[in-house]
Amino acid sequence: MGVEKLATLVNTFGSSLISVSREMGVEVALQRSEIAQGVHVGGSSVAALVGVLGQGLQGTLVIMLDNAGFSAVVTAMSGGMIKPDIEDPVATSVIGELSNMVSGRALTQSSLGGVDVTPPQLITGAGIRTVPSESPGIKNFTLPFSVAQGGTLYLVLSFHC
């Protein structure tokens, strides 16, 4: 995958996260000075991982949240109907749905036909982190977002190039 296509994908996933979040009542702001190549995440307690594959594209999208970010997203997306408890599978499924919506929007906006996403894998626990692949040809990016209602959301993208 060329550098230009990779940059387009990273930008499209980031802008899709912002627009989907806004539509769901969650205001997020990209912390531009902290965007990094590689994986740089701290203090996450909930994560949703989605595989992206097809038409020569292979990668993952991971949305990771700290406790405050998780509470803000679950409360906003459920209209306050779901208590933000990381032990509750219904509450954590909200983050899985967010990852589905962001992935779908990004793939639609990037006009990548024939690319599919896997169902989200949900992970909870103290201090979740992703371990970047050491394989040549794998590019990892971390886009940190502050959540207006409180907390931090990390969008971690990995693509085989």
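## Around Ser 44

Which residues does Ser 44 touch, not counting residues up to four places away in sequence? In this predicted model, the list runs to Met 64, Leu 65, Asp 66, Gly 125, Ala 126, Gly 127, Ile 128 and Tyr 154. Ser 44 sits in strand β3, which covers residues 44-54. Its relative accessibility is 1%, and buried means under 20%, so Ser 44 counts as buried.

## Strands side by side

Now for the strand pairing. β3 and β4 run antiparallel and are paired over nine bridges. They make a hairpin with two residues between them, and Gln 55 in that turn has a positive phi of about 55°. One pairing to look up is Ala 48, whose bridge partner in β4 is Ile 63.

β4 also pairs with β8, again antiparallel, through seven bridges. Here Ile 63 turns up once more, standing opposite Leu 155 in β8. As for cover, β4 is mostly tucked away, with seven of its nine residues buried.

## The nonpolar cores

Nonpolar side chains in soluble globular proteins tend to be buried together. In this model, the largest nonpolar core has 36 residues, and the ones touching the most other members are Phe 13, Ile 63, Ile 95 and Leu 155. Helices and strands both chip in: α1 (3-23), α2 (67-77) and α3 (89-109), along with β3, β4 (57-65), β7 (138-147) and β8 (152-160), each supply at least two residues. The top contributor is α3, with seven residues. Apart from this core lies another one of eight residues, including Ala 47, Ile 128, Tyr 154 and Val 156.

What is Ile 63 in contact with, leaving aside its neighbours within four places in sequence? Its contacts are Leu 17, Val 46, Ala 47, Ala 48, Ile 95, Leu 98, Ser 99, Val 102, Leu 153, Tyr 154 and Leu 155. Two of those names, Ile 95 and Leu 155, are also listed with Ile 63 among the residues that touch the most other core members.

## The largest pocket

The largest pocket holds about 250 Å³ of space. Its lining is made up of 18 residues, and Gly 59, Thr 60, Ile 138, Asn 140 and Ser 158 lie nearest the centre. β3, β4, β7 and β8 each provide at least two of the lining residues.

How do the lining residues divide into nonpolar, polar and charged? There are nine nonpolar and nine polar ones, and no charged residues.

Technical notes: Residues are numbered from 1 along each chain as its sequence is written. This is a predicted model: local features need pLDDT of at least 70, side-chain atom pairs count only at pLDDT 80 or more; totals for chains, interfaces and linings use all residues. Side-chain values use heavy atoms; hydrogens and water are left out. Helices (H or I, at least four residues) and strands (E, at least two) are DSSP runs, numbered from the N terminus. Buried means under 20% relative accessible area, exposed over 50%, partly exposed in between (1.4 Å probe, protein chains only). Contact means heavy atoms within 4.5 Å. A nonpolar core is a set of buried Ala, Val, Leu, Ile, Met, Phe, Trp, Tyr and Cys residues joined through side-chain atoms within 4.5 Å. On a 1 Å grid over the protein atoms alone, a cavity is a set of points where a 1.4 Å probe fits but cannot get out, and a pocket is an open set with protein on both sides within 12 Å along at least five of seven lines; lining residues have an atom within 4 Å of a point. Grid points are joined across faces, edges and corners, and a volume is the space filled by probe spheres set on the points. Ala, Val, Leu, Ile, Met, Phe, Trp, Tyr, Cys and Pro count as nonpolar, Asp, Glu, Lys and Arg as charged, and the others, Gly among them, as polar. Two strands pair if DSSP finds at least two bridges between them.
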